[in-house]
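Open the model in your viewer and keep the selection panel at hand. Here is a short route through it, stop by stop.

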Amino acid sequence: MGSTPSEPLGPARPTPGYAAQQRDYVPPAPEPDVRRPSIVRHLLLFAATVLTTTLVGVMHYYGFQTFPDGDMAPLVSWTQYLNGLWYSGAVLGILGTHEMGHYLACRYYRVDASLPYFLPLPPPFPSGTLGAFIRIRQPIPDKRQLFDIGIAGPIAGFLVAVPLLVVGVSLSRVVLIPPALAGETMGEPLLLQGLILMMFGHRPLGYDIILHPIAFAGWFGMLATALNLFPFGQLDGGHISYAVFGRRSTMVTYATFFCLMALSLFSLSWVVWTLLLGLMLRFFGADHPRTYDEDMPLDTGRLYLAGFAVVMFVLCFTPVPVSVDWPALFRALRGV
């Protein structure tokens, strides 16, 4: 029998996760997860989100049918609650497809990830949900995998949101808005503007479009896509930015945050999102977790997909997601 060598063969192994040259990199092994979260938790959150989005969908559908003359009546009919599924099914389809895009990409690369968690938000909040997310339980070792996992969600959600938006806009109505009517006005992303122009032409002065609940779900899906595609930290856009720019993505993160601060001055709609990203910056920092090949350029095909991510962001982004006509609101409250 041979003797045991006093020195280990080959170079010393560096600390797991250390991003140096490829030959020195040892990806950290996933921590053993003896007690996996029960699927019951995912199902309960999903059921709660179906309930809250359906309740919100009932209000959207009733308002769509009766605007601008109808008053909110007691919602007691089962038919009314079934109509709430127009919004609920569409918005959950968009959000669920987005997260399943991430999840299936993780499964393809054998990266340990959870099933989607849906987040309910009860009325009177008009979305009925805070969105959904998956939990990735281990580091992603290289840029190709990081890029593919990051971009899979926005592309999957976008491909579902677009046809739903087309259907929803086709079912929407153009109505005359009473001059004294107070209310919120939703910003129209470029994609929505284009669809409205194709289907209804130029709207006369004083007229506006009342979105069908399916179209409103598409609008919310576009907003969620734009928020996720901000090139910031560990958002989907942050993963894409790091895969494209490497360590220079840190500067992109800071630039994005300053742009959001400017948007908050322009529209109060961005204040909460800016605060949330500020907390992420404070607790997680601006540097993206490193991969061993951060200095290696992406292949041409993925660079084209990165360009498509920019196109999706431009089509889904609106500088003022929601605006309120405060003078009209105050006049309505005074009974003027």
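**Stop 1: a pocket**

The second largest pocket has a volume of about 250 Å³. Select Leu229, Pro231, Ile240, Ala306 and Val310: of the 13 residues that line this pocket, these are the closest to its centre. A pocket here is an open set of points on a 1 Å grid over the protein atoms alone, with protein on both sides within 12 Å along at least five of seven lines, and lining residues have an atom within 4 Å of a point. The volume is the space filled by probe spheres set on the points, which are joined across faces, edges and corners.

Colour the lining by type and you get ten nonpolar residues, three polar and no charged. (Ala, Val, Leu, Ile, Met, Phe, Trp, Tyr, Cys and Pro count as nonpolar, Asp, Glu, Lys and Arg as charged, and the others, Gly among them, as polar.) Helices α7 and α10 each supply at least two of the lining residues.

**Before moving on**

This is a predicted model, in which local features need pLDDT of at least 70 and side-chain atom pairs count only at pLDDT 80 or more, while totals for chains, interfaces and linings use all residues. Residues are numbered from 1 along each chain as its sequence is written, and side-chain values use heavy atoms, leaving out hydrogens and water. The average pLDDT (the predictor's confidence in each residue, from 0 to 100) is 84. Over residues 1-24, pLDDT stays under 50. Where pLDDT is low, the predicted coordinates should not be read in detail.

**Stop 2: helix α7**

Now select residues 236-245, helix α7. (Helices are DSSP runs of H or I, at least four residues, numbered from the N terminus.) Eight of its ten residues are buried, so α7 is largely enclosed by the rest of the structure; among them are His239, Ile240 and Tyr242. Buried means under 20% relative accessible area, exposed over 50%, and partly exposed in between (1.4 Å probe, protein chains only). Show α3, α4, α6, α8 and α10 to see part of what covers these residues. Just after α7 comes Gly246, with a positive phi near 65°.

**Stop 3: salt bridges**

Which residue forms a salt bridge with Asp148? Pick Arg302: the closest N and O atoms are 2.7 Å apart. (A salt bridge is a side-chain nitrogen of Lys or Arg within 4 Å of a carboxyl oxygen of Asp or Glu.) Arg302 sits in α10 and Asp148 in α4, 154 residues apart. Both Arg302 and Asp148 are buried. Add Asp299 to display a network of salt bridges with Asp148 and Arg302.

How values were computed. Contact means heavy atoms within 4.5 Å. On a 1 Å grid over the protein atoms alone, a cavity is a set of points where a 1.4 Å probe fits but cannot get out, and a pocket is an open set with protein on both sides within 12 Å along at least five of seven lines; lining residues have an atom within 4 Å of a point.
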